Each structure stands twice: as structure tokens, then as C-alpha cells.
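Biologist: I'd like to understand how the labels on this model are earned. Could we go through them together?

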Amino acid sequence: MHETQKFSPVSVHWRITSSCNLRCKHCYVAAGDQNISVNLSDSKNFIDLMAKAWPVEEIIISGGEPTLHPNVKEIIEYVTTKRIKPIIFTNGILTETIKKILPIDELAFIVSLDGFREDHEKLRGPNTWVKTLETISLLIKEKRNLTISFSVNNYNIEKSEAFLKFLTELGVEKVAISQFMPLGRGFLNKELCVNYKDYIRVIEQIKNFSEKSSTEIAVSEEDGLTCTGGINRVSINEKFEVYPCPLLTSKSRWLMGRVPEIFSEEIIPLQLSFLYKKNKDIACKNCSSNNWCSCVALMDMYHMLFYSENYSFKN
């Protein structure tokens, strides 16, 4: 019999705005298509309630592009008053805004850089690579806690190892690698999908490289059986809607609740690991992708594509 785990988020992914200064081909939330942002008063109230109700250790502040938010500095500073670690996830374009939040010592940075200039700008648009590199160089110079987010896709996959060598020589200490997923705007650009065998081959090369590199390289290898989404990790969008995972925030069927009501309700976790195992054996049993599909968000997407928009893995 399945045992439900206690809903106890320690990591919160929070989109403070849907606005964005780019229109990246691979953006899983199609950032910039809408212009919705949280206000400062509601944000402080949310942070107060969250700090009291949940054992949160870190909050990843994202978007859209969070540095576009007029109160991003005040929001980050308020998070630090609750002894919660703030992390900002940015495209790094607005270097001057980054400079304004640099004095917040507790703040860590995740900056997206998706390969060398040609491949990065195919995804993110012209004249973006140099601006992002300027921000990265600034953060390295200032010795800040910095992670580069690198999305492996069909444009950059064969240059992945060379790119990681470049980052190491630049002085980057941490890189987080993920695989492109055809969600959001990425759904319209499925040519970015990588062949699974090629991905595994390149990931093995990267692992071999990481053993000899001074750079800490973390490869996201989603394992649906151990996913803590909906239990220890949640995602909250700019409308203060709560979801089990950032990849599922565009689908209302995955809604867990809303702020502030969610803090006064008994929450039944959307335990993604259980849903993954259940559907791997049932709904996905005959799917040709079953042997490598490793995430409920992927399961949900494939079933929507090939079967029915009305189907829900929550059933």
C-alpha cells in the first residue's frame, strides 16, 4: 500500500514575474508572453506566512526575468530576514541591476548560458551572449556563489565538453546541466530535442571530464522514483498558485492550492514519485518512450500529445 509522505517544502521555486526581456526558443514557461508580477506587499505577506508554515531552507527567485521586477532587491532582502537562502535565477542580461543586488551577501546566483555564442544566440536572440558573459565575469570577479545553468539541446550537444572546458578556464566553479524539454515555447521548437542515445553518450563524456575538472558539474538525471516534487519541493507562480514542479505550472490540473489559503489547509501532497511509478506501470506501459522517460512532466506532455488533453496522471 502506498504511504503518503508529509508535505514539508524545504525548497521553493518562485516566479515573481512572467515578464521577460528575451523570447528564448526553449523556455518551458513561454516567459514574456504575459506581463504579470507580484507586488511588494503581497510578496512580504507570502514570505511571512511561508517562513512560519514551512521549513523552507532556500527560495529560488525566477521569472520570466526576475531582474525586471522593480522591487527585486527589496524582495530578496526580505527573504534574508527569515534566514532563508535566496537564489536568483537570471539570464544575466541586465548587468546594472545585478550590480544593485550584489551587496546582499547571502544571495546566490544561477545564470543561464547555453553554449558558445552562436548556439546561445540561436536560442536567446542576437547580442545576448556577450551581455550574459559580462555578468558572469563580474560575479566571478566578486567571488560570488555562482552556478551556470546549461541546457543541452540539438544545437549545442556535440560542443558540450568543449563548452565546459571554456567555463572552467573562465573560472566558473559550478555548472548545472539539464536536458531540453519541449514544454512552453519549447513545444513549438521540438527540433531542439536531442536523440536519447546521443544524450547518454555526451553525458558520459561530461562525467569523465568532471572527474578531472576543478569545476563542480551537476548533471540533472531526473529519476521519477526519487523525485521530491510536491513533498519537499514546490513551485509558486506570479499568481501565487502552488504547483509540485516548475515544469507543471502551466497546467491547472496540477494546481495544489493558492496563497494564502494553502498555509491554513491540510495539504495532501501531489507525490510525483508515486504518480511516476503508478503510471509507468499502467498508463505508460505500452509507450515506446517508456524505457527512458524519467519524469512526470514528460509523461504528462507525451500523453497530452498522443492521447488526450483531458487525461490527468493525478487520477
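Biologist: Happy to start with one residue: where is the place of Leu138?

Modeller: Leu138 sits in helix 5 (residues 129–141). Helices here are DSSP runs of H or I with at least four residues, strands are runs of E with at least two, and both are numbered from the N terminus. This is a predicted model, so local features need pLDDT of at least 70 and side-chain atom pairs count only at pLDDT 80 or more, while totals for chains, interfaces and linings use all residues. Residues are numbered from 1 along each chain as its sequence is written, and side-chain values use heavy atoms, with hydrogens and water left out.

Biologist: Why is Leu138 called buried?

Modeller: Buried means under 20% relative accessible area, exposed over 50%, and partly exposed in between, with a 1.4 Å probe and protein chains only. Leu138 has 15%, so it counts as buried.

Biologist: Which residues does Leu138 touch?

Modeller: Leaving out residues up to four places away in sequence, Leu138 touches Thr95, Ile98, Lys99 and Leu102. Contact means heavy atoms within 4.5 Å. Leu102 is 36 residues from Leu138 in sequence, and their C-alpha atoms are 9.9 Å apart.

Biologist: How do you know that the span of helix 7 is close to what is expected?

Modeller: The expected span is 1.5 Å times one less than the number of residues. Helix 7 (residues 196–212) has 17 residues, for which 24 Å is expected, and it reaches 25 Å from first C-alpha to last.

Biologist: Why do you say that the buried residues of helix 7 line one face?

Modeller: Those residues are Tyr199, Val202, Ile203, Ile206 and Phe209. Seen down the axis, they fall within an arc of 120 degrees, so they line one face of helix 7. The arc is taken from the directions from the helix axis to the C-beta atoms. As background, an α-helix has 3.6 residues a turn, so residues three or four places apart point the same way.

Biologist: And what do the two sides of helix 7 look like?

Modeller: The buried residues pack against strand 5 (146–152), helix 6 (160–170), strand 6 (174–179) and strand 7 (216–219). The face turned away from the buried side carries the exposed residues Lys197, Glu211 and Lys212.

Biologist: What makes Phe7 and Trp54 an aromatic pair that is edge-to-face?

Modeller: Rings of Phe, Tyr and Trp (its six-membered ring) pair if their centres lie within 6.5 Å; planes under 30 degrees apart count as stacked, over 60 as edge-to-face and the rest as tilted. The count comes to 11 aromatic pairs by this rule. Phe7 and Trp54 lie 5.5 Å apart, centre to centre, with 85 degrees between the planes, and that fits edge-to-face. Phe7 is in the segment before strand 1 (11–15) and Trp54 is in the loop between helix 1 (40–53) and strand 2 (58–62), 47 residues apart. Both Phe7 and Trp54 are buried.

Biologist: How do you know that Lys190 lies over the face of Phe187?

Modeller: A charge sits over a ring if NZ of Lys or CZ of Arg is within 6 Å of the ring centre and within 35 degrees of the ring normal. Lys190 is at 4.2 Å from the ring centre of Phe187, and Lys122 likewise lies over the face of Tyr155, at 4.9 Å.

Biologist: Finally, why does Arg83 count as exposed?

Modeller: Arg83 has 82% relative accessibility, so it counts as exposed.
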